[in-house]
Each structure stands twice: as C-alpha cells, then as structure tokens.
Amino acid sequence: MIRYEEQEKAFYLDNGRITYCFGIVKGQYLESRYFGRKIRRYRGSARPWYFDRGFCSNPDPEDKIFSLDTLPQEYPCMNQGDFRQPAFVLQTPDGRRVSRLVYRDYTILPGKPPLAGLPAVYAEQPGEAETLAVRLEDRVSGAQVRLYYTIFRDYDAICRHVEVENPGSESLWLERLMAMSLDLPRRDYDLVTLSGSHLQEKVPHRRPVSSDTVLLESSRGASSPQQTPCVILTDPNTDEASGQVWAVNFVYSGDFQATVQAGQYGGVRVQMGMNPLTFGWELAPGQRFVSPECVLVYSAEGLNGMSGVFHRLYRQRLCRGPWRDRLRPVLLNSWEAFQFSIDEEKCLALAKQAAELGIELFVLDDGWFRNRIDDRRALGDWTEDPDKFPHGLARLADQVRTAGVAFGIWFEPEMVSYDSDLYRSHPDWIIRSPACDPILSRHQLVLDLSRPEVCDYLVESVARVLRRTGASYVKWDMNRHITDLGSAWLPAGRQRELSHRYMLGLYRVLDQLTGQFPEVLFEGCSSGGGRFDAGMLYYMPQTWASDNTDAVCRMQIQYGTSLLFPPVTMGSHVSAVPNHQTGRTTPLSTRFAVAMAGNLGYEMDIRTLSEEDRAELRQQIARYKALRQTLQQGSFYRLLDPCRGNDAAWNFVSQDGSKVIVCQYRVSADPLRRTTAVPLQGLDPEAVYRRQSDGALFGGDELMYAGLSDHPVRQDFTSLVTVLDRVEA
Ligand code: DGJ
C-alpha cells in the first residue's frame with residue numbers, strides 16, 4: 001500500500017480506492033502533491049505555475065522561481081521563507097525560532113505502531129495497515145522530526161502524527177507542533193465545521209473558502225462543545241450523497257487548533273494539532289515528544305461517504321474492548337428524574353419498574369456520594385452517602401441486579417469542590433495560579449492531572465466503588481472548563497506543558513481503569529457532548545451527546561454529530577415533557593423515534609407514567625431491541641437536514657443489507673399536508689424490500705431514486721419509522 005517511486009521522488013499511499021502522494025523536491029523539501037480518488041501515478045499534471053514572484057524568498061539563490069512560500073508543503077517550519085502557517089516552531093537555546101527542516105530518509109512499517117500514552121486508531125492485524133515514517137532533520141537545532149502516515153486496507157483514511165527527538169546536549173522548546181499540515185491545490189472549496197455550545201453541540205456550518213485564515217480552536221481544557229477539532233472541505237456542489245470531501249479530525253480531547261488558510265495564489269493549507277496558546281514543551285537532551293494523531297478521510301461520495309468511513313473506522317478500529325462489538329444496553333438514568341434528591345428507596349423503585357419495561361441497565365447519576373446535596377460540594381470524596389443509602393451502595397447494586405437490571409454509576413473524577421475532604425487535605429492538587437483565587441465554574445475546581453499521585457487517587461477511588469458495587473457501567477462526567485492554568489507540581493519552565501500533561505494524565509487514568517475493568521461499559525460526558533471526540537472514544541465507546549433532550553433540538557445535534565461519529569456512540573435518551581431545557585412538549589413516539597437513532601436510554605421518573613405511556617414504553621423498548629443490531633452496527637445515512645428545513649430524515653442499513661430502517665420527522669404541522677418523499681441511500685438497487693407495516697413491496701432502485709413518502713398527520717413534531725426487509729426476488 002505504500003511505495004516510493006525514485007523517478008518521481010514520490011511517496012504513494014494507495015489502498016486501491018484513495019491515493020495520497022507527496023514528493024521530495026531539490027533533495028530536501030517535502031511537497032504535497034495529491035490526495036484524492038485513486039490514481040495510478042501522479043506525474044505533475046496539475047502542478048502549479050512557478051515563476052519569480054514579488055516578495056518570494058528563495059532558499060536557493062540560483063533559482064529565483066523556487067520559493068517555499070509558493071510550494072505546496074507537507075510539513076512547513078518557521079522562518080524558512082514560507083509565510084503561511086508553520087506546522088513546526090521550535091525555540092533553540094539561543095532564544096531563536098529559526099528552523100531548516102530537510103528530508104533525510106524513510107522507513108515503511110507493517111501495521112500501525114501505537115502512540116505511547118495517547119489514544120489512536122489501531123490495526124488488529126499487521127496486514128490491515130502500513131505505516132510510512134519520513135525523517136526530517138532540523139539543520140539548525142539537530143532535532144529529528146518523524147512524520148508518520150498510516151494507510152488502511154479497508155478504510156479510506158490516512159492517520160498522521162509527528163514525533164520530535166532531541167539528540168543534542170541542550171534542551172529545545174517546542175512551541176507549535178501540528179499533528180498534520182496539508183496543502184491542497186487551488187480550486188473552489190466549501191468549508192464545513194461543527195461548532196455550537198452547551199445544549200447545542202456540533203451544528204454544521206458551511207461557507208465557501210475565499211481568502212484569509214479560518215481559525216478553529218479550544219483553549220478550554222477539553223475539545224469543547226463550542227468547536228470541534230474537525231475540518232471538512234468539499235467541492236461547492238457536494239451534498240450528502242455525492243461530491244468530493246477531504247476531512248481531518250483530531251484524535252485528542254484537549255485544547256486544539258485547526259486552521260484553514262487560503263493561499264495568496266490559491267491553494268488551501270489545512271493544519272490541526274494542539275493549541276499553541278496553551279502548549280509548549282521542553283525537550284530535554286535525548287527526549288522524544290509524540291503528538292496526538294489526525295485522521296484524514298477522502299470521499300468521492302459526498303458527506304455520507306465521508307461519515308461512512310469515519311463511522312466504520314471509529315467503531316471498529318478506535319473503540320476497544322469487549323463492548324466494541326457488543327450490542328449496547330437500554331438504560332435508565334436517574335438524573336432528570338431526581339437530580340440530587342435520590343435515595344435507596346427511589347432508586348430501587350425506579351430500577352424495578354425499569355426491569356418491567358424491558359430496560360436493561362439502571363444508572364445512578366450525580367448525588368450518590370457523601371454530602372452531595374447540591375452542586376456546591378463533595379466532588380472528590382467518592383464514598384457513598386450513608387443518609388441516602390443507609391444499607392450501602394453495594395446492597396443497592398445487588399438489589400437492582402436482583403430486580404433484573406444491571407447497575408451503573410456516575411462519577412466526575414477530574415473535579416473537586418472546595419467543600420470536600422479531598423480539597424481540605426490536598427489544596428495543592430488543584431489547577432490554579434498561586435497569585436490569585438481560582439475562577440469557579442459550577443462551584444468546582446479542576447484537579448491537576450499532571451501530578452501522578454492525583455491520577456493514582458482517581459484510579460483507586462473509582463476502582464474501589466466499582467469493586468464494591470460490581471457496577472457494569474460508568475458515566476464519566478466533566479462539567480467545567482479549565483482556567484488559571486498553573487500547577488504546584490510543575491517547575492516554572494514547564495508550566496506551558498500543563499494542558500497536555502493533564503490530557504496525558506487523564507488518558508493514563510482511563511487506560512488503567514478500562515484495563516482493570518474490561519467488562520465495564522464506560523460512557524463519556526461533559527455536560528452533554530462537551531468532550532464528544534475521537535480521543536475519548538478510544539477509552540469509552542459511547543458519549544452522552546447533549547444535555548438537551550428535546551426531540552427537535554436533538555434531531556439537529558444528532559445530525560451534526562453523525563458527520564463524524566456513529567449512532568452507537570451517541571447516548572440519546574427519551575425524557576419527560578415539557579422538556580426541561582426548552583419547555584416543549586413533543587409526543588412520546590417522536591421522542592423515541594429520535595432517541596432510537598442513537599444509543600437508546602430513558603431519563604424520566606417512570607414511576608409517574610400513565611398506564612398508556614407505560615405500555616408505549618414497553619413497546620418502544622421491545623421494538624428497539626428487535627432493531628438494535630441494525631441501529632447500532634449498521635450503516636447510517638443522513639437524508640434531510642433538520643437545520644435547513646422543517647423535515648429531517650435518515651436511514652440505517654444492516655451490515656448484511658437485509659434490513660432498512662427509515663426515520664422521518666416533521667417539526668411543525670403543514671396545513672397543506674404536502675408530501676415529502678425522501679430518496680433513501682445505501683440500498684441495493686436490484687433488490688426488493690417489503691415494508692413491515694403493510695407488506696408493500698418496493699424495489700431498492702425505486703426507494704433510492706423515487707423516494708419514500710412520509711405520512712400526513714395534523715400535528716406538530718411527528719415522526720414515522722419505517723422498517724423494510726429485503727426479500728428474495
Ligand atoms: C451533567 C450531565 O450532562 C448530566 O447528564 C448529569 O450527569 C449532570 N452533569 C450531573 O451533575
């Protein structure tokens with residue numbers, strides 16, 4: 001899959017469907033050449049014009065038409081005459097930031113080596129992937145920079161990351177180290193990004209790339225709900241079903257920066273990596289630094305084609321552990337039912353009723369630990385509250401299991417309250433500057449996970465509860481962003497390392513816990529989807545997609561989230577109405593039809609349901625179980641975008657193609673009762689499908705090209721779920 005062509009001095013990564021090509025120019029510079037649909041060779045047919053342009057610096061004084069400022073570069077550095085964004089900025093002991101990165105050699109490795117201490121896509125068998133490591137040397141500092149590229153046999157994706165080594169005798173300081181940089185050729189592109197906020201995560205925004213630099217970033221200590229470490233470039237006419245897409249996603253959960261920079265002569269530079277605003281690293285003699293990785297996806301089949309690659313890759317080669325391939329349980333979470341006011345009796349009553357309805361897992365959310373009567377206290381003290389649970393959590397867990405559902409529990413381990421034993425005994429364990437009082441958020445402080453003993457404390461305090469209760473599920477929450485970046489543990493010269501060291505500490509904690517408890521299903525959460533990223537999915541195969549459970553808002557959130565992440569990774573719950581975030585009342589059937597398109601759960605006081613609603617819930621859950629293999633492990637296609645109109649739709653196709661599930665939604669009632677016939681995707685045009693509701697037969701071609709009508713209902717917030725089975729012709 002990887003080869004070097006000496007004649008063209010070019011590296012090719014090619015899996016028969018996509019080709020990524022870059023070459024060596026003048027024996028030392030790496031030139032981006034091609035990334036797209038498979039081509040046999042790239043001999044320079046689309047080469048840009050080079051001539052002596054104003055202000056262009058010339059590294060070779062004898063060659064005035066050659067300038068790094070116009071060369072499409074693979075990994076540009078600072079102060080070398082390319083005035084676009086550098087990917088690599090290194091400070092040398094003399095305080096200067098001048099580099100001269102030059103090509104040295106390459107190696108090709110079978111499989112994909114892991115990234116020490118970091119989440120990363122993996123290969124299970126060496127033959128599944130191949131990795132190219134290209135070594136560059138900084139002639140100024142002597143630093144060795146290795147660019148890694150992995151291509152997969154079965155996924156149309158390239159993974160890239162960078163390693164830097166200091167073979168010298170003095171420290172060097174990394175100031176900017178992008179995991180990837182790519183110069184794409186001049187053409188018209190649209191840029192799609194996923195930004196939002198708490199309660200409105202991952203909203204797609206699309207605009208043409210015309211000039212200037214678009215900056216996407218987080219310096220919040222988490223990937224954040226505000227922006228997503230993801231850049232999607234498309235042809236202007238690309239839609240869900242057709243057109244070209246080049247996408248980059250960062251496998252990292254902390255601060256990031258992504259830039260999309262339009263070049264002065266056309267061409268676009270895309271970079272992604274840790275955010276230089278909160279990153280710096282002292283590279284002591286002999287040390288090596290490994291960047292997190294980026295996943296690059298190319299699709300010629302529109303945004304659904306791109307999502308299909310991300311979904312399969314992340315589901316099969318990023319998520320790990322036994323839960324990767326298992327069907328996920330339907331859960332009931334206590335939060336929206338009780339908030340902090342929980343106790344043994346209520347929990348048990350809820351769990352018993354949950355079991356009767358067919359729910360499989362009861363999750364005890366926030367409020368279970370000593371003194372936790374509200375959000376002002378007790379974070380950090382992970383021991384159960386004897387007032388709320390007089391017989392202990394272990395007994396509650398046993399009783400819940402006896403009732404017929406598994407037991408799961410909530411933690412927010414990275415945080416501490418002022419009013420906690422943990423803070424009182426370790427005031428130096430928090431992130432803060434000694435110069436001023438730390439800023440609070442939800443009344444809480446952030447623990448300094450760069451300190452090994454803090455990480456050890458977290459592992460032990462979570463593990464103790466899991467051992468005692470035998471919990472088979474953990475919800476791992478994180479409800480504030482990081483201010484006051486300062487560590488009492490790190491020396492002054494290493495304070496800039498805190499953000500990344502925090503992430504390394506968190507990843508170590510998660511690695512140890514998931515290693516110790518492989519059977520436990522972990523779900524990430526950060527006030528909803530505030531840290532819904534590829535980094536977290538490596539440790540926890542699902543994430544609570546949003547605190548906003550309103551069905552109408554959720555259509556948009558799940559639609560946007562699905563650009564990158566498969567439905568099985570999206571925790572989505574049916575909650576009570578009027579919705580606690582929006583006040584909107586939507587029918588139970590529609591709440592279900594939206595939540596079942598993710599990883600289904602319930603979050604309401606089911607004790608108070610009417611008999612009619614209870615019967616409906618029972619039916620929903622049975623229906624979900626019958627369909628969940630397709631919903632959780634099938635392919636997913638977006639059909640109608642709820643951010644753009646009154647209708648939304650998507651469809652699922654089972655792995656073997658035998659079942660199709662179509663979900664159609666209408667937000668406000670249409671007085672004209674117009675029909676929306678939505679063309680399905682991913683079906684076999686030659687096959688025939690039978691609609692379960694009435695036995696009607698339709699050809700796959702008809703369903704994909706003519707579409708499937710919704711039904712006329714005089715009501716707001718309606719939904720229609722259609723199941724079709726492939727039948728023998
Ligand atoms: C924020 C989460 O998103 C909620 O689901 C809930 O777990 C609360 N935290 C509990 O404090």
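**Exercise 1. Work out which residues line the second largest cavity, and how they divide by class.**

Step 1: the residues lining the second largest cavity are Gln 28, Tyr 29, Leu 30, Leu 68, Gln 73, Glu 74, Tyr 75, Pro 76, Cys 77, Gln 80, Leu 101 and Leu 136. Here a cavity is a set of points, on a 1 Å grid over the protein atoms alone, where a 1.4 Å probe fits but cannot get out, and lining residues have an atom within 4 Å of a point.

Step 2: sort them into eight nonpolar, three polar and one charged. Ala, Val, Leu, Ile, Met, Phe, Trp, Tyr, Cys and Pro count as nonpolar, Asp, Glu, Lys and Arg as charged, and the others, Gly among them, as polar.

A note on the input: this is a predicted model, where local features need pLDDT of at least 70, side-chain atom pairs count only at pLDDT 80 or more, and totals for chains, interfaces and linings use all residues. Residues are numbered from 1 along each chain as its sequence is written, and side-chain values use heavy atoms, with hydrogens and water left out.

**Exercise 2. Find the polar side-chain partners of the ligand's oxygen atoms.**

Step 1: look for N or O pairs within 3.5 Å. The side chain of Asp 547 has an N or O atom 2.4 Å from a ligand oxygen.

Step 2: for Asp 366 the distance is 2.7 Å, and for a polar side-chain atom of Trp 410 it's 3.1 Å.

**Exercise 3. Classify the shell around the ligand.**

Solution: it splits into six charged, four nonpolar and three polar residues.

Conventions:
A polar contact is a pair of N or O atoms within 3.5 Å; within protein, one must be able to donate a hydrogen and the other to accept it, and residues adjacent in sequence count only if both atoms are side-chain atoms. On a 1 Å grid over the protein atoms alone, a cavity is a set of points where a 1.4 Å probe fits but cannot get out, and a pocket is an open set with protein on both sides within 12 Å along at least five of seven lines; lining residues have an atom within 4 Å of a point.
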